[in-house]
Amino acid sequence: MAEWITIEPMPGVPEACALRCWWAPPVAEPRGGVLVLPEVFGLNSWVRNVSGRLAEQGYAALAVPLMARTAPDLELGYSPAELAIGRAHKDQVGADQLLGNLQTAATWLQQRLPGRPGLGCLGFCFGGHAALLAAPESGGATGCGWGPARLLRPPGSADSPR
């Protein structure tokens, strides 16, 4: 049964903060674990649904809020106004904070996997960017980004996507 959980920051990770995550455990012995990283819209119903579908396939899925410090309960729709809200929060996320929170989430998830099967990181747009950044930092997780935003061009560059 999927549910909201709170993961406290790991000791020794100064940039991490408490994380309100969506936890979707598999119904049987897990095939592995997946950190699900959202777009700028937060842990909305679509991200929770992705986590549930991964759990149905036997993966322990943990959806992690990427803007936990400024918007721990962020859950937006897809209107232009909501996109602007999500982007404003995203622009306040530093790399150290992001990596600290993802390290905390990865450690929490690995501790719940019997026999320590593989761990993956699946992200969408801004979450795709985070997945590819975090994979080497999260205990050997494999990263997969769907439409990772701003990986090739730095924010503010003349040809940066809006």
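Let's start with the cysteines: this predicted model holds zero disulfides. Why does Cys 21 have no bonded partner? The closest cysteine sulfur belongs to Cys 17, and at 9.7 Å from the sulfur of Cys 21 it is too far for a bond, because a disulfide needs the two sulfur atoms within 2.5 Å. Cys 21 is also buried, with a relative accessible area of 0%. Cys 121 is likewise buried, at a relative accessible area of 2%.

From here we can turn to the interior. In soluble globular proteins, nonpolar side chains tend to be buried together. In this model, the largest nonpolar core has 33 residues. If you would like landmarks to click on, the residues with the most contacts inside this core are Leu 35, Leu 37, Leu 62, Val 64, Leu 66, Leu 102 and Leu 109. Several elements give two or more residues to the core: the strands β1 (3–7), β2 (19–24), β3 (32–37), β4 (59–63) and β5 (119–124), together with helices α3 and α4. Which element supplies the largest share? That is α3, with six residues.

Val 64 is a good place to look around. Leaving aside residues up to four places away in sequence, Val 64 touches Leu 19, Cys 21, Leu 35, Val 36, Leu 37, Pro 38, Leu 43, Leu 102 and Ala 105. Cys 21, the buried cysteine we began with, is thus one of the contacts of Val 64. Apart from the largest core lies another one, of 13 residues, and Val 47, Val 50, Ala 55 and Ala 61 are among them.

Now follow helix α3, which spans residues 95–110. How does α3 sit against helix α4 (residues 126–134)? Their axes come within 10 Å and cross at roughly 75°, so the two helices are roughly perpendicular to each other. On the α3 side, Leu 98, Leu 99 and Leu 102 meet Ala 130, Leu 133 and Ala 134 of α4. The residues of this contact divide into six nonpolar, no polar and no charged. Leu 102 deserves a second glance: besides meeting α4, Leu 102 is listed with the residues that have the most contacts inside the largest core.

Our last stop is Thr 104, also in α3. Is Thr 104 buried or exposed? Thr 104 is buried, because its relative accessible area of 2% falls under the 20% cut-off. Beyond residues up to four places away in sequence, Thr 104 touches Ile 7, Glu 8, Pro 9, Met 10, Ala 16 and Leu 19. Leu 19 also appears among the contacts of Val 64.

Terms used:
Residues numbered from 1 in each chain as written. Predicted model: local features only at pLDDT ≥ 70, side-chain atom pairs only at ≥ 80, totals over all residues. Heavy atoms only, no water. Helix = DSSP H or I, 4+ residues; strand = E, 2+ residues; numbered from the N terminus. Buried < 20%, exposed > 50% of the residue type's maximum accessible area, 1.4 Å probe, protein only. Contact = heavy atoms within 4.5 Å. Axes fitted to C-alpha atoms, helices over the stretch in contact; angles between N-to-C directions. Parallel < 35°, antiparallel > 145°, perpendicular 65-115°, else oblique. Nonpolar A, V, L, I, M, F, W, Y, C, P; charged D, E, K, R; others polar. Core = buried A, V, L, I, M, F, W, Y, C linked by side-chain atoms within 4.5 Å.
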